Amino acid sequence: MARHGASSGISSHSRRFSTAVNPINISLLSKQLIQLGRINNPDTFPEITHQKELQASSLTSKLDDCTGLHQIKQVHAHVIRQGHDQSCYIITKLIRTLTRLGVPMDPYPRRVMELVQFRNPFLWTAVIRGYAVQGNLSEAVSMYGCMRKEGITPASFTFSALLKACGSVGDLSLGRQFHAQTFRLSGFCSVYVGNTMIDLYVKCGSMECARKVFDEMPERDVISWTELIAAYAKAWDMDSAAELFENLPKKDIVAWTAMVTGFVQNAKPQEALEYFHRMEMSGVLPDEVAVAGFISACAQLGASKYADRAVEIALKSGYSPSGHVVIGSALIDMYSKCGDVEEAVNVFESMNNKNVFSYSSMILGLAMHGRAREALDLFHYMVKQTTIKPNTVTFVGVLTACSHAGLVDQGRQIFASMHQTFGVEPTCDLYTCMVDLLGRAGRLQEALEVIKTMSVEPHGGVWGALLGACRIHKDPDVAEIAAKHLFEIEPDVIGNYILLCNVYASAGDWEGVLSVRKLIKEKGLKKTPAVSWVVDENGQTHKFFPGNMNHPMSDKIQETLEELVQRLTVLGYEPDLRSVPYNASDDEKRSILICHTEKLALAFSLLTTSRDSEIKIMKNLRMCQDCHTFMRLASEVTGRVIIMRDNMRFHHFRNGACSCGDFW
DNA sequence: CTAGGGTTAG
């Protein structure tokens with residue numbers, strides 16, 4: 001029996017095989033071979049067609065497996081050796097592979113295309129798309145011109161590629177021209193082109209136009225819907241997103257995920273979980289992206305019971321953190337935000353593939369928990385021992401670590417090298433880190449100087465960091481400068497006014513305090529009520545509000561606190577009366593301080609948990625100076641580890657010291 | 001060919 005690969009025996013077998021095929025089923029390759037004049041009739045030379053077809057499918061699957069330029073070049077050598085270098089089909093695939101791996105269009109992919117004698121729309125489009133992906137609109141357009149000059153009629157996907165190119169640089173007017181051309185050339189606009197047009201409008205920030213295209217499309221698919229849903233979500237308009245979503249007849253996994261992550265992006269984790277649940281109920285199986293969205297929602301909720309549920313979902317869906325980098329990275333972030341940085345480290349170490357997300361999340365997690373040294377070590381390992389390039393977020397993590405550890409010079413060096421060595425542009429967020437770094441270290445004038453010389457317009461975060469530093473260092477003069485700018489940018493954020501109030505209070509300036517109070521009243525702003533909470537071993541949440549009088553255990557809690565104060569006083573504890581931003585008597589201040597919600601939560605935890613367990617407390621606002629000292633000393637006299645999450649970060653109190661180094 | 005993506009500071 002003749003075998004396919006043997007040149008002598010192939011013809012009889014293949015001929016029989018091939019003539020049984022209906023002529024309309026002639027493969028694309030045979031058609032191209034006919035076009036190219038390589039064969040005149042596939043029935044006459046079926047063995048060539050069949051062999052070529054086998055080679056072609058082997059070559060394309062090899063290209064699919066390519067992960068580097070070197071491999072592609074090897075496959076390319078095969079292509080030439082087997083005489084496929086004139087096949088539009090194979091060369092198109094080759095160029096798409098090069099694009100996928102980010103190889104610049106010039107000179108290699110472009111040259112390969114130019115060597116093909118008879119180019120079809122697929123091949124042209126592959127090159128146009130390549131330029132589009134690489135943000136080179138002018139070359140994409142120039143390729144389109146060449147294509148037309150050769151008399152090749154563009155297909156709808158050609159316009160899709162051109163619109164993508166317009167989107168990459170935000171050239172809306174050119175995009176509109178191409179969009180109009182599709183009508184002129186073919187009398188209609190395919191759903192692909194319509195979708196790309198929606199994408200272009202969204203990228204250029206015109207939701208109204210995007211919606212108009214959508215509304216006027218003669219035919220829509222789930223992609224059109226999902227594009228708009230995601231765009232509304234990113235524009236902070238979840239109501240419109242949800243309305244569209246409910247009207248979407250067939251909801252696929254991508255559409256569901258757009259809703260889940262949309263709620264996450266809008267800081268509505270509870271809704272995100274609800275939609276995920278609805279998705280499961282409707283029988284749609286989650287994929288990796290959907291599960292990552294779920295984990296992210298759990299991270300925002302920041303409680304261990306959600307963390308457990310997230311891990312359960314991930315494993316149930318078949319995504320272990322070790323093999324799935326998106327899941328792993330999301331879990332690192334989640335564990336860090338749930339207060340379990342140790343588990344975050346475990347996940348990180350278990351991962352077989354790590355990328356910039358994994359490293360950045362880990363660095364941020366360590367920084368958030370005051371483990372600056374480890375965060376910096378990990379950063380240095382990343383840039384020296386791996387090929388992963390740090391990005392803006394990585395530097396936010398590294399600088400945050402420096403900031404909390406008071407490593408001013410290191411932070412400065414890293415900030416400088418960031419641009420010089422790694423090509424990362426300093427963004428507003430990164431300037432915020434620098435202002436925070438200098439400000440915390442007490443160098444308020446230098447911080448102010450940084451803001452004045454910034455290359456971008458400062459946003460609220462920058463001034464907020466400076467104001468925060470003024471609170472630590474009790475500097476009302478600089479605080480007034482910061483507040484003036486901050487109140488202009490964020491007139492409705494109550495926390496900013498409270499911060500300024502605290503600065504005045506700590507400096508004993510009661511007139512200042514009153515003036516801010518007046519301002520708050522005028523603006524009609526309301527103070528965010530403080531709340532602390534702990535989760536018991538049954539997953540039950542216990543909330544504590546200032547004063548605590550309604551709590552069933554309030555007598556016991558009060559008793560415990562009084563006793564604790566006595567033991568702390570022996571260690572030199574003195575209530576920090578300047579932490580109370582009211583002009584009250586010292587006794588009143590003392591009784592206000594002892595009723596701060598985190599102290600109540602601590603007393604409750606001491607009463608209800610076993611001696612060897614960690615105490616975990618969450619708070620919605622920033623911890624005051626007095627509570628910080630209180631927790632520090634309490635960890636010493638009780639021998640307990642207290643993990644406290646305020647609205648900014650985690651404090652680990654152990655043996656009378658805090659992981660933040662009293663630097664917060 | 002066109003859709004969802006995990007990490008961001010005060």
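**Close-up 1. The second largest pocket and the residues that line it.** In this predicted model, the lining of the second largest pocket is made of 9 nonpolar, 14 polar and 10 charged residues. The pocket has a volume of about 800 Å³. Of its 33 lining residues, Val535, Ser613, Glu614, Ile615 and Lys616 are the closest to the centre. Which elements give two or more residues to this lining? They are the helices α18 (304-316), α20 (341-350) and α33 (597-608), together with the strands β1, β3 (615-619) and β5 (650-654). To find your way around, start at Val535 or Lys616, both among the residues closest to the pocket centre.

**Close-up 2. An open sheet of 6 strands.** Follow the sheet from one side to the other and you meet the strands in the order β2-β1-β3-β4-β5-β6, with mixed pairing. Which strands sit at the edges? They are β2 (541-544) and β6 (657-658), and each of these pairs on one side only. As a reminder, strands of a sheet pair through backbone hydrogen bonds, either parallel or antiparallel.

**Close-up 3. Strand β1 and its two partners.** Strand β1 covers residues 532-535 and pairs with β2 in the antiparallel sense over 4 bridges. You can pick out two of the facing pairs: Ser532 stands opposite Phe544, and Val534 has His542 as its bridge partner. Between the strands of this β1 and β2 hairpin there are 5 residues, and Gly539 takes a positive phi near 85° in the hairpin. How many bridges join β1 to β3? There are 2, and these two strands also run antiparallel. Here, look for Trp533, whose bridge partner in β3 is Met618.

**Close-up 4. The annotated DYW segment.** An unreviewed UniProt entry lists residues 572-664 as "domain: DYW". Over this stretch the chain is 38% helix and 17% strand. If you trace residues 572-664 from end to end, the end C-alpha atoms turn out to be 22 Å apart.

**Close-up 5. The protein surface around DNA strand B.** There are 47 residues around DNA strand B, and Tyr192, Asp252, Phe357, Asp429 and Gly460 come nearest. Sorted by class, the residues of this surface divide into 19 nonpolar, 15 polar and 13 charged. Which helix gives the largest share of the surface? Helix α13 (residues 222-234) does, with 6 residues. On the DNA side, 38% of the strand B atoms within 4 Å of the protein belong to sugar or phosphate, and the rest belong to bases.

**Close-up 6. Polar contacts with the bases of DNA strand B.** Three residues are worth finding here, beginning with Val326: one of its backbone N or O atoms lies 3.0 Å from a base nitrogen of the strand. Ser360 uses its side chain instead, with a polar atom 3.3 Å from a base oxygen of DNA strand B. For Glu490, a polar side-chain atom lies 3.3 Å from a base nitrogen of DNA strand B.

**Close-up 7. Two loops with backbone features to look for.** In the loop between α5 (88-100) and α6 (108-114) you will find Pro107. A cis peptide bond joins Asp106 to this proline, with omega about 0°. The other loop runs between α13 and α14 (238-247) and holds Trp236. Although Trp236 is not a glycine, it has a positive phi of about 65°.

Terms used
Residues numbered from 1 in each chain as written. Chains lettered and ligands numbered in written order. Predicted model: local features only at pLDDT ≥ 70, side-chain atom pairs only at ≥ 80, totals over all residues. Heavy atoms only, no water. Near = heavy atom within 4 Å. Polar contact = N/O pair within 3.5 Å; in protein donor to acceptor, adjacent residues only side chain to side chain. Nonpolar A, V, L, I, M, F, W, Y, C, P; charged D, E, K, R; others polar. UniProt positions renumbered as here; feature names shortened; annotations may be inferred. Pairing = 2+ DSSP bridges. 1 Å grid on protein atoms, 1.4 Å probe; cavity = no way out; pocket = protein on both sides within 12 Å on 5 of 7 lines; lining within 4 Å. Points joined across faces, edges and corners; volume = space filled by probe spheres on them.
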